[in-house]
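Please read the following note beside the sequence and the model. It is written for a colleague who has not met this structure before.

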Amino acid sequence: MRRFPAFRAIVTREVLRFVHQRERFLAALVRPLVWLLVFAAGFRAALGLSIIPPYQTYITYETYIVPGLCGMILLFNGMQTSLSLVYDRELGSMRLLLTAPQPRWFLLFSKLCGATFIGILQCYAFLLVAALFGIDHPTLGYLTILPALILAGLMLGALGLAISSFIKQLENFAGVMNFVIFPMFFLSSALYPLWKMQESSELLFWICRLNPFTHAVELIRFALHLSFTPWALLWTLVATAVFTALALWGYDPARGMIRKRG
């Protein structure tokens, strides 16, 4: 309980920063809506969909990509968190935070929870707008999707934390992000089912299967349609643990001292 005030302060700071950056919220909605309303119109004819789990009947392409676009929101939000951490480090506020009388893992976990909470709010705002455009999902699915969004958000937020620990200058951020965001997003099941990828390339199919973002998207997809996939859950948990360990290692002060001496 003694740590709760610090946790609340860090999460509140992240939320207030997000509230004051209105363009960030608009960008988080415009990006997936462009895919949903513009690109989906062209892809609908090119990409045929069969009845695959968790769907019990044929669905529209717009319905298929909604979970993937929720994953996109969480992915970009995680990278936005990474950017803010690099920016905070350049200003010195990150160093001040990490010298607080709290365990380093707790401080990073608090930042991660704040980022995940913001990402979930953005996902629900997107789902609401999608519903207004007639793309409906099971009513209970809007509740069952919450644990999947939390876990996917933690995984992608932890990835952002890990990346930020290795980016030392803000100018290097854009280049690094291009090698993370786009491969993770396009080499996944966010925009097309994996069986379509397998038809074109067995190698790309297995890359997509090993991509943790694929399993985060599938976890969201199944949860939204009142189903469950243990393999996606396991893979997402493993990826979350790996990314979190990398972040803790990257922000280890002892490692920083060793690197300075070297």
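The points below go from aromatic rings to two single residues.

1. This is a predicted model, in which local features need pLDDT of at least 70, side-chain atom pairs count only at pLDDT 80 or more, and totals for chains, interfaces and linings use all residues. Residues are numbered from 1 along each chain as its sequence is written, and side-chain values use heavy atoms, with hydrogens and water left out.

2. A search of the whole structure finds eight aromatic pairs (rings of Phe, Tyr and Trp, the last by its six-membered ring, with centres within 6.5 Å; planes under 30 degrees apart are stacked, over 60 edge-to-face, the rest tilted). The rings of Trp35 and Phe185 have centres 6.0 Å apart and planes at 65°, so this pair is edge-to-face. Because Trp35 lies in helix 2 (residues 22-46) and Phe185 in helix 8 (residues 181-186), the pair ties together parts that are 150 residues apart in sequence; helices here are DSSP runs of H or I, at least four residues, numbered from the N terminus.

3. Both Trp35 and Phe185 are buried, that is, under 20% relative accessible area with a 1.4 Å probe and protein chains only, where over 50% is exposed and in between is partly exposed. Ring pairs link Trp35 and Phe185 with Phe182, Phe186 and Phe213 into a cluster.

4. Thr236, placed in helix 12 (residues 230-250), counts as buried because its relative accessibility is 0%. Leaving aside neighbours within four places in sequence, its contacts (heavy atoms within 4.5 Å) include Leu151, Met155 and His215.

5. Asp252 is found in the loop between helix 12 and helix 13 (253-261) and is partly exposed, with a relative accessible area of 31%.

Terms used
Helices (H or I, at least four residues) and strands (E, at least two) are DSSP runs, numbered from the N terminus.
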